[in-house]
Every structure is written in structure tokens, then in C-alpha cells.
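Open the model in your viewer and keep the selection tool at hand. Each stop below tells you what to pick and what you will find.

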Amino acid sequence: RILCPIDFSETSRHALEQACAFARWYRARVSVLHVVNLPLPPTIPAPGLGVPATGVPDELPALPLHRQEDVAGEVRRFTGSIAGADPNCVDVVVVEGSTVREILRQAEQMPADLLVMGTHGRSGFEALFLGSMTEKVLRSTRVPVLTVPPAVERVESVTYQTIRCPIEFSDPSIRALEYALTLAEETGAR
């Protein structure tokens, strides 16, 4: 199972193309995930003080079912526009909540064998200030993550010629090397 979170951007389009290429190669299913971030409700006055409370309610209102269906339709249209996306091998998942938390939760619940995520390529102060959703997921998941930069060309297959895997001899980097070697062996890459 491959999990590919999307946000309807060109970057997530490239990531989904990669995910579909992997799915064809491995005869796998792709779960296309879109997380709807709900706006926070207005502040709630503290009892008897007339002053806004500082906390946020434990439970936010649920996204109405008709809106979930609308968003799922948008995800299906987006997925249908991807070259090589086999509708028989693609599941659409729409959830509400915190994007990073929901990506991690979905990856664990499936369980996903691979997460494919686009990177927006921000750098410098912008990356520092905005943070990187992909980086937050990378640092918190146990699932292998393939990151796809914005400049990637359209992909038809995953038969790579060369795979570069930097290591620094830590346990996680050795596991990454093992994963890269397996991928290279299966696809005929160096």
C-alpha cells in the first residue's frame, strides 16, 4: 500500500504520478489522502469572566457529510487527471484535522508500505518560518518516505538508472541503504 497525501498543488501532482508509477511496478494500491483543515471556532468566553478562554475545545465540529463527498469528488477528479492513475488501484481518503497528524495516523492504520510526498522547495527564511509538512512527517514516521521535488519530470515508470543514498552510519541511514539496495535490485538500477 502506498499513501500519497495531496493538496491539489502541482507539487502533489508530481508526487501522485510517482506513487502511481510505483503502484504499477509493484502491483500495489495507492491511497490518495486529502486532509481538510477545519478553521478554529471563535474563542469561548471563560465562565463568569466574560473574557475569552485561552484553550481550544477538545472536539471541533465535524465536516458535514455533503462537504466530505464534495471534497472526495475533487480528489477523484484530481487523481483522474494523472497520467497512469488506474482507478481500480486508487482509493480516495478524505479526513479532517491536523495535516501532519492525519498523515501519520493514516500511514499507521493502513499500514502503508511507502509514503510518497511532494516537497515545495522552499528555502531560507521561508522554510524556517513556514516549516515543512514533509519534513515533520519524515521525522515522525516509521514508514519509508519518497519525497518528490517540484522540478521532477513526468514519470512513466520507476525503472531508475541510478539511486543515490547518502549515509552517515547510523541505524536509520543503514536501513535507508538497505531499502535503496532493494529498490535498485528490483528495478535494475545502480
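**Stop 1: the main core**

This model is predicted. Begin with its largest nonpolar core, a set of 25 residues. Select Ile2, Cys4, Leu16, Ala19, Val30, Val32 and Val116, the members with the most contacts inside this core. Now colour by element. Strands E1, E2, E3 and E4 and helices H1 and H2 each supply at least two residues of the core. For orientation, H2 covers residues 65-80 and E4 covers 114-118. Which element gives the largest share? H1 does, with six residues.

Zoom in on Ile2. Leaving aside residues up to four places away in sequence, Ile2 touches Ala19, Phe22 and Ala23. Ile2 also touches Ala28, Arg29, Val30 and Ser31. Leu114 and Val116 are further contacts of Ile2.

Another core lies apart from this one. This other core has 12 residues, and Leu3, Ile103, Ala112 and Leu115 are among them. Select those four names to find the place.

**Stop 2: helix H6**

Next, select residues 171-187, which form helix H6. Check its length. At 1.5 Å a residue, its 17 residues should span 24 Å, and its end C-alpha atoms are indeed 24 Å apart, so the two values agree.

Pick Ser173, Ala180, Leu183, Ala184 and Thr187 in H6. These residues are buried. Where do they sit around the helix? Look down the axis of H6: the buried residues fall within an arc of 100 degrees, so they line one face. What do they pack against? Show H1 as well, for that is the packing partner of the buried residues of H6.

Turn to the face of H6 that points away from its buried side. Asp171, Arg175 and Glu185 are the exposed residues there. Then step past the end of H6 to Gly188, which follows the helix. The phi of Gly188 is positive, near 80 degrees.

**Stop 3: the salt bridges**

Show charged side chains now. Side chains of opposite charge can pair when their charged atoms come close. How many salt bridges does a search of the whole structure find? It finds five.

Centre on Asp91. Asp91 forms a salt bridge with Arg1, and their closest N and O atoms are 2.5 Å apart. Asp91 lies in strand E3 (residues 90-96) and Arg1 in the segment before strand E1 (2-5), so this pair ties together parts that are 90 residues apart in sequence.

Stay on Asp91 and add Arg29. These two also form a salt bridge, with the closest N and O atoms 2.7 Å apart. Arg29 lies in the loop between helix H1 (10-26) and strand E2 (30-36), while Asp91 is in E3, so the pair ties together parts that are 62 residues apart in sequence. Select the trio: Arg1, Arg29 and Asp91 are linked in a network of salt bridges.

Are these residues buried or partly exposed? Asp91 is partly exposed, with a relative accessible area of 22%. Arg1 is partly exposed at 31%, and Arg29 is partly exposed at 30%.

**Stop 4: a pair inside helix H5**

Finish with residues 133-140, helix H5. The side chains of Glu135 and Arg139 meet in a salt bridge, 3.0 Å from N to O. The two residues are four apart in H5, so about one helical turn separates them. Glu135 is partly exposed, with a relative accessible area of 37%. Arg139 counts as exposed, at 67% relative accessibility.

Key
Residues are numbered from 1 along each chain as its sequence is written. This is a predicted model: local features need pLDDT of at least 70, side-chain atom pairs count only at pLDDT 80 or more; totals for chains, interfaces and linings use all residues. Side-chain values use heavy atoms; hydrogens and water are left out. A salt bridge is a side-chain nitrogen of Lys or Arg within 4 Å of a carboxyl oxygen of Asp or Glu. Buried means under 20% relative accessible area, exposed over 50%, partly exposed in between (1.4 Å probe, protein chains only). The expected span of a helix is 1.5 Å times one less than its number of residues. The arc is that of the directions from the helix axis to the C-beta atoms. Contact means heavy atoms within 4.5 Å. A nonpolar core is a set of buried Ala, Val, Leu, Ile, Met, Phe, Trp, Tyr and Cys residues joined through side-chain atoms within 4.5 Å.
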